[in-house]
Amino acid sequence: MKTNTLFWSVVVLCGSNSLHAQQDLADWPDWAYARHEPLTAEDFSIPARSGEPPDFTYEAGDPAKLSLPGASLSFIDSEINNFYGPADWYPYEHPEMPEIVAKGDPERGIRACAFCHFANGQGKTENAHLSGLPANYFLAQLEAFISGDRFTSDPRKPNTYEMTRMAALMTEEEKRQAAEYFESIAFQPMVRVVETETAPQVKTLPTQLVVPIESAPWIPLGNQIIEVPANPYATEALRDPHTTFISYVPLGSVAKGQALVETGGGKTIQCAICHGLELSGLGDVPGIAGRTASYNMRQMWDIKRGTRVSPLMTAVVANLSSEDMLNILAYVASL
């Protein structure tokens with residue numbers, strides 16, 4: 001790979017944000033950041049990530065042809081997990097992909113957008129759901145990554161560092177092409193919400209995808225959401241763009257969330273005012289219905305902690321606790 005000349009440096013948390021982010025650690029929604037152990041004050045002292053991009057080496061697995069239901073194509077493991085041109089299982093379901101989406105640019109170390117977010121932009125729990133996003137909003141978020149206005153309040157979450165780097169490396173034309181491409185694809189709701197007292201034990205893969213531990217007994221859910229792929233193998237190994245998720249949420253959380261969404265509950269405003277009547281988006285404000293609770297929770301929590309700048313949302317989340325947000329997003333995911 002050609003050495004890219006862009007020096008990148010991301011300050012984990014700086015100035016007053018560092019102190020602010022360390023507050024209320026007991027209230028921290030670790031589950032949303034693909035972590036199931038408490039955040040500690042020491043986590044904020046990790047050094048800033050700087051220098052060259054991560055090593056994108058990949059050890060190929062199964063050389064046999066693999067397939068997915070309804071797909072006329074088949075691929076071997078190294079084709080499916082190709083950072084710079086991942087397998088496109090259902091090419092007839094989306095417009096022609098721009099080069100930056102389909103292949104990225106190995107010379108600059110920019111992985112294909114389709115590798116993490118899939119060709120249809122649906123994404124997964126650990127990253128953004130891009131399909132159907134307004135192009136203007138999409139472009140604004142890339143600029144926010146570059147400026148530092150969009151960062152993570154949890155220094156253990158690595159994806160944000162990678163998006164910051166790639167946004168800075170993309171040309172303005174590449175950004176526009178990606179924004180217009182994903183805007184043109186309708187988002188498909190991808191979550192089945194299950195209210196329960198118990199949930200699977202889980203582990204976090206190197207990709208940050210949370211999956212159930214096979215054969216492990218279920219445990220009390222507590223006050224969190226456990227969100228896992230309906231078919232972990234298809235999601236992780238085959239990168240199935242039709243992947244769906246199961247969200248195990250606390251008993252009663254959906255009704256509590258619906259009340260907050262529809263009335264504000266004296267703590268906030270009705271979500272439909274900005275996100276539209278069905279929470280599917282309004283103008284340049286993105287849709288939130290049917291997205292994974294993990295992703296939506298990270299955005300709300302980062303805004304509340306001040307590591308993501310959002311003039312529209314700052315006052316909305318100011319009086320919400322992490323439990324309020326959990327309830328809201330359990331309901332929103334169910335739509």
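This passage describes a pocket, two helix packings and a sheet in a predicted model.

The second largest pocket encloses about 650 Å³ of space. Its lining comprises 35 residues, of which Y137, H275, P286, R308 and M313 are the closest to the centre. By class, 22 of the lining residues are nonpolar, 10 are polar and three are charged. Four helices each supply at least two residues of this lining, namely α5 (135-147), α10 (272-275), α11 (293-305) and α13 (322-334). The greatest contribution comes from α11, which provides five residues.

Two of the helices that line the pocket, α5 and α13, were also examined for their packing against other helices. The axis of α5 comes within 8 Å of that of helix α6 (residues 159-169), and the two cross at roughly 105 degrees. Because angles of 65 to 115 degrees count as roughly perpendicular, α5 is roughly perpendicular to α6. On the α5 side, the contact is made by L142, F145 and I146. The α6 side contributes T160, M163, T164, A167 and A168. The residues of this contact comprise six nonpolar and two polar residues, with no charged residue.

Helix α13 packs with helix α9 (residues 253-263) at an angle of about 95 degrees, and the axes lie 7 Å apart. This angle makes α9 roughly perpendicular to α13. From α9, the contact involves S253, V254, K256, G257, Q258, L260, V261 and E262. From α13, the residues are D324, L326, N327, I328, A330, Y331, V332 and S334. The contact of α9 with α13 contains eight nonpolar, five polar and three charged residues. Charged residues are therefore present in the contact of α9 with α13, as counted under a scheme in which Asp, Glu, Lys and Arg are charged.

The model also contains an open sheet of three strands, in the order β3-β9-β8 and with mixed pairing. The edges are occupied by β3 (191-195) and β8 (226-229), each of which has a single partner strand, so one side of each is left without a neighbour in the sheet. From one strand to the next, the twist averages 20 degrees. The strands β3 and β9 (residues 245-249) run parallel and are joined by five bridges. E195 has V249 in β9 as its bridge partner.

Definitions and conventions. Residues numbered from 1 in each chain as written. Predicted model: local features only at pLDDT ≥ 70, side-chain atom pairs only at ≥ 80, totals over all residues. Heavy atoms only, no water. 1 Å grid on protein atoms, 1.4 Å probe; cavity = no way out; pocket = protein on both sides within 12 Å on 5 of 7 lines; lining within 4 Å. Points joined across faces, edges and corners; volume = space filled by probe spheres on them. Axes fitted to C-alpha atoms, helices over the stretch in contact; angles between N-to-C directions. Parallel < 35°, antiparallel > 145°, perpendicular 65-115°, else oblique. Contact = heavy atoms within 4.5 Å. Pairing = 2+ DSSP bridges.
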